[in-house]
Amino acid sequence: MIHLEAGQNIGLTADIVRFTAQTTGAVELGALVVGADLRVRDELDHVGAARPAAPGVRYAGDAVELTLSQVRADAHAVLLYVTAGQVLGAVAAALAENGSPAARFAITPSAGESALICLEVYRRGGGWKLRALGQGYAGGSAQLLSTHGVPVPVPAQATAPTQTAPRPAAPAAGIPLEIDHGLQRMWMIFEDAARSAAALVSARDYAAKRLDQEMSEAVSNPATRNTPAADAARDAAQRRHDELVALADADHRRDSDQLGHEIGEADAVMPAALASWLAPAWTTRAQRADGIRLGELYALDRGALRVPYCVPVPLNRPLWVDTESSAAASRVVGALVARLVAALPDKPTRVDLIDLSGGLRGLAAPLAPLLAGPVISDHGDISARLGELAHAAELAEIAYHSGQAVPPAEHRILVAADFPHGYQASDVVHLGQLMVRGDLIGLSLVVVGSGSEFADGPLALLSQSCRHLPTIPGTPLFDPWTGNAWELDLDMLPAEPELQARYLRM
């Protein structure tokens, strides 16, 4: 039996699998049959105590059983979950294939969750795979079900509870935990691409090492190294090498073609913040998103596949655009702002723009309706604006700890360009405070400047707290599952003024 970590996946070989879960207290198991958008087609795709069966899915009280060959043909995945009437403790989820234990996944909820998607059984090519998720919902089964498209009735006499603004739980180490719904789908595709790439690299390395070994053996005997037999051995070794590499390349191309198809399907249904610029979401009514797209990951030595690289919103780490020139990165910054605006269309957005060098002046006009105040072009005006935001965040934290917090009524975006030149020590302190408390006032922080020159001190700590986005081609990023290198081609706001205005004011 395999012990899985969050984000890991394994292939399934049996047609019948059985999901169980153990924890303290009583829990109820269930399943959701979902499409590529991770939403059910209708309430019949929800299997649980009230509706115990759907094609290929059966609720059995203490287990959920799947007959994979009978799951509806257009289903993308089956999400397996547990819910409880109280906060969940540690949960041990397990999956058996044909009655034999296959995988186990230990989950320790840490943010008051009372509902938890433990595992996902999903299609891949012509088969099925299992992925460990561990996605929790503090709002319980109602939040879990409504998020995935299941209608949840509201009691007639229910009254709206007083809302508070809970601090988001600190994310556990490891990027694969930064997944949820639409964002989750993008990270799953990225993971599958990473594992396929790792298999290709491993196969190429193995083939090269074996070729080297066999070539060495063919010439190891001076008496025979120049004979026809040695030539034949070398030819055979080269042929075996080429066959291994060709097989690995074919497998990788097949995986890449499948993933490319999935990316295209996802792009057609994703909210604008997660979609490409030409996706239909940019011309329809804006939809809230749980993440934003930063660009595309690729590796030229591994083929033409380009994988969207997305991160969650609200931002769990500020973004830092690494550049010596704000002007050169203007369209990258514009793309980030446009996607941050599009991610939360149900809240008014206000943008604070610090632009000492004038490199971002082209964004000022299309952003004018969203600006919280004049663009800051003089370093003497930085402290007042940052101090105002830091003070608001401090008051929000006091309210939070006293139980008087309310959710932020607006989305603030702070773009601090030309950093750190022209910024005072107190400005660095304020930025650090906003990194810690900014979520309480709905703040998304984007830093633009050189981030590679700080060895220690407050600037180094600030830099280390951010997610750095390289603008120099050839800068590697390493995926969190296999450690292989990728290059990031950052999205850029289209150059046409009419398109910029549309995307920035969505």
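Start by selecting R254 and D251: both residues sit in helix α3, 3 residues apart, which is about one turn of the helix. The model on screen is a predicted one.

**Stop 1: a pair within one helix**

Show the side chains of R254 and D251. They meet in a salt bridge, with 3.3 Å from N to O. Now turn on the surface and look at how much of each residue can be reached. R254 has 52% relative accessibility, so this residue counts as exposed. D251 has a relative accessible area of 32% and is therefore partly exposed.

**Stop 2: a pair between two helices**

Next, select E214 and R240. These two residues form a salt bridge as well, and their closest N and O atoms are 3.2 Å apart. This pair links distant parts of the chain: E214 belongs to helix α2 (residues 182-218), R240 belongs to helix α3 (residues 228-269), and their positions lie 26 residues apart in the numbering. Is E214 buried or exposed? E214 counts as buried because its relative accessibility is 18%, and the cut-off for buried is under 20%. R240, at 34% relative accessible area, is partly exposed.

**Stop 3: a buried arginine**

Move on to R293 and E296. A salt bridge joins R293 to E296, and the closest N and O atoms are 3.0 Å apart. With a relative accessible area of 6%, R293 is buried.

**Stop 4: a network of charges**

Select E120, R124, R131, R185, E191, D192, R195 and E262 together. Salt bridges link these residues in a network. How many salt bridges does the structure hold? The count is 30.

**Stop 5: a strand with two partners**

Leave the charged side chains and switch to a cartoon view. Select strand β16 (residues 319-322) and strand β19 (residues 443-449), which pair in the parallel sense over 4 bridges. Then add strand β20 (residues 467-470) to the selection. β20 and β16 run parallel and are joined by 4 bridges.

To see both pairings from one residue, select V321. Which residue in β19 is the bridge partner of V321? The partner is V448. In β20, the residue opposite V321 is L469. Label V321, V448 and L469 to finish the tour: V321 has V448 as its bridge partner in β19 and stands opposite L469 in β20.

Terms used: Residues are numbered from 1 along each chain as its sequence is written. This is a predicted model: local features need pLDDT of at least 70, side-chain atom pairs count only at pLDDT 80 or more; totals for chains, interfaces and linings use all residues. Side-chain values use heavy atoms; hydrogens and water are left out. A salt bridge is a side-chain nitrogen of Lys or Arg within 4 Å of a carboxyl oxygen of Asp or Glu. Buried means under 20% relative accessible area, exposed over 50%, partly exposed in between (1.4 Å probe, protein chains only). Two strands pair if DSSP finds at least two bridges between them.
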